[in-house]
Amino acid sequence: MTETRTKTLSRRRVAVGLGGALAGATAGCLGGDNSGTASIDTNETATGETDDVSDAADASATVGMIYALGGLDDRSFNDAANRGIQRARLDYDVAFSNEEPASMPDFETTQATLSASESPDYDLICCIGFLQGDALSTVAGEYPDQQYAIVDSVVDRDNVANYVFREHEGSFQAGHFAGLVTSRDLSVGAGSTRPDERAVGFVGGVDSGLIRRFEAGYRAGVDHAPTDVSVRSTYVGAFDDPEAGYAAAAEMYEGGADVVYHAAGGSGLGVFQAAQEYGRYAIGVDSDQSRSNPRYADVILASMVKRVGTAVYDATERTIDDSLETGSTTALGLAEDGVALVYGTSLGPVIPDDVRAAVAESGERITSGDLTVPSELEESDQ
């Protein structure tokens, strides 16, 4: 590990200046015009980080943020995590660095580099995404005095606080909603449905146990709708390939799908573009993507949000209070407001009241324990 501790991080970007961060956030709210073509725009957000950690010594805590593959400006999972640390900075004067590994091997390199760092000396290292689990298990064992938090995975180390989500519960809500919508004659925004087809889709990123939980919950929710609805699904193999996301969704729309739900990170941008081109609808993930991707707000009916930022904020706050529960796992579902279905900013107001009521009712049954959501796919769906 000597080599990895001294290796320079090629994509390291540090964000301790709020002004730059706000500039990046502002840029993230500006969507370009839609050309109506199949071209994929992957440069939708400017970043505003600085390269200065000089104020870390005066901060209440110094946090190293290591993001999932695809990096910041994904308008989804990573950006949600970033909002959590930005909130902690505002509330507690936290200093933090943003690290964006470009490949799987970079996870261990980045984790080890931050763990060995003395300037700054990190009070907490947050690892975002389940793909970091194996690397963190190794690195946390080599740095037993360093505190870590990981989101979306469980690492069995005494110095790691684990945060996981019951994303299948939120995905059930997304599926129930999609199943209700595809059975209706709906024409709002830039899309419309074909109720005679009664078909919906699911696009996953990397095929893994975690993303299959999204699909399992989604399929169960679709089945909960009162009419028979077919579900088409595919995995594009990456969280940063919007062109693959576009191709997958386009095939589903051409095949009769009215609504496509994605759990594919940055690849989901392609799903939104396909929805616009084909005049259909999409459901976002992790963040309210009608807000983070306003250029697609006319086709994003809803988003299944994961409060990734809440996990980051909680871990940071507990680090400051010296109460971080390392060696344990915190699970967040509908009951804990860790996941939720939120309606789109543009299309939400025109969603029929009885559809909203049905989705709310199924959510209440889940939180009360009256309705159990499967976390694994049935053999016939695999």
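This short talk walks through one predicted model, from its sheet to its helices and a few single residues.

Let's start with the sheet. Strands of a sheet pair through backbone hydrogen bonds, either parallel or antiparallel. Here, six strands form an open sheet. Read across, the order is 10-9-11-12-13-15, and the pairing is mixed. Which strands sit at the edges? They are strand 10, residues 230–235, and strand 15, residues 339–343. Each of these pairs on one side only. From one strand to the next, the twist averages 20°.

Take one pair from that sheet. Strand 9 and strand 11 run in the parallel sense, paired over five bridges. One residue to find on your screen is V200, whose bridge partner in strand 11 is V259.

Now, what packs on the sheet? Helix 6, residues 167–182, does. Helix 6 touches strand 9, strand 11, strand 12, strand 13 and strand 15. Its direction makes about 170° with that of strand 13. Helix 8 lies across strands too: strand 9, strand 10, strand 11 and strand 12. Helix 8 runs at about 170° to strand 9.

Next, helix 9, residues 268–278. How many of its eleven residues are buried? Nine are, so helix 9 is largely enclosed by the rest of the structure. Buried here means under 20% relative accessible area. The buried residues are G268, L269, G270, V271, F272, Q273, A274, A275 and Q276. What covers them? The cover includes four strands of the sheet we just met: strand 9, strand 11, strand 12 and strand 13. It also includes helix 8, residues 242–254, and helix 10, residues 289–292. Right after helix 9 comes G279, with a positive phi near 65°.

Let's look at helix 8 against helix 9. Two packed helices are described by the angle between their axes and the distance between the axes. For helix 8 and helix 9, the angle is about 40° and the axes are 7 Å apart. That makes helix 8 oblique to helix 9. The crossing is right-handed. On the helix 8 side, the contact is made by P242, G245, Y246, A249, A250, Y253 and E254. On the helix 9 side, look for L269, G270, V271, Q273, A274, A275, E277 and Y278. By class, that contact has ten nonpolar, three polar and two charged residues.

There is another helix pair to compare. Helix 6 packs with helix 7, residues 209–224, at an angle of about 40°. Their axes are 6 Å apart. Helix 6 and helix 7 are therefore oblique to each other. Their crossing is right-handed. Helix 6 brings E167, H168, S171, F172, A174, G175, H176 and A178. Helix 7 meets them with L210, R213, F214, G217, Y218, A220, G221, V222 and H224. By class, this contact has eight nonpolar, seven polar and two charged residues.

Now some single residues. Begin with the loop between strand 2, residues 62–66, and helix 3, residues 77–92, where A68 sits. A68 has a relative accessible area of 14%, so it is buried. What does A68 touch, beyond residues up to four places away in sequence? The answer is F77, N78, F107, I128, G129 and Q132. A68 and E99 are 31 residues apart along the chain, and their C-alpha atoms are separated by 9.3 Å.

R75 is found in the loop between strand 2 and helix 3 as well. Phi of R75 is near 55°, which is positive in a residue other than glycine. R75 is buried, with a relative accessible area of 4%.

R198 has a positive phi too, near 50°, and is not a glycine either. It lies in the loop between strand 8, residues 191–192, and strand 9. Is R198 buried or exposed? It is partly exposed, at a relative accessible area of 32%.

Two stops remain. S115 is in helix 4, residues 104–116. Its relative accessibility is 9%, so S115 counts as buried. Leaving aside neighbours within four places in sequence, S115 is in contact with I125, V139, Y143, Q146 and Y148.

Then go to P120, in the loop between helix 4 and strand 4, residues 124–128. S119 and P120 are joined by a cis peptide bond, with omega about 5°.

Note on methods. Residues are numbered from 1 along each chain as its sequence is written. This is a predicted model: local features need pLDDT of at least 70, side-chain atom pairs count only at pLDDT 80 or more; totals for chains, interfaces and linings use all residues. Side-chain values use heavy atoms; hydrogens and water are left out. Buried means under 20% relative accessible area, exposed over 50%, partly exposed in between (1.4 Å probe, protein chains only). Helices (H or I, at least four residues) and strands (E, at least two) are DSSP runs, numbered from the N terminus. Contact means heavy atoms within 4.5 Å. Axes are lines fitted to C-alpha atoms, for helices over the stretch in contact, and angles run from 0 to 180 degrees between N-to-C directions. Angles under 35 degrees count as roughly parallel, over 145 as roughly antiparallel, 65 to 115 as roughly perpendicular and the rest as oblique. A crossing is left-handed if the near helix is turned anticlockwise from the far one by less than a right angle, and right-handed if clockwise. Ala, Val, Leu, Ile, Met, Phe, Trp, Tyr, Cys and Pro count as nonpolar, Asp, Glu, Lys and Arg as charged, and the others, Gly among them, as polar. Two strands pair if DSSP finds at least two bridges between them.
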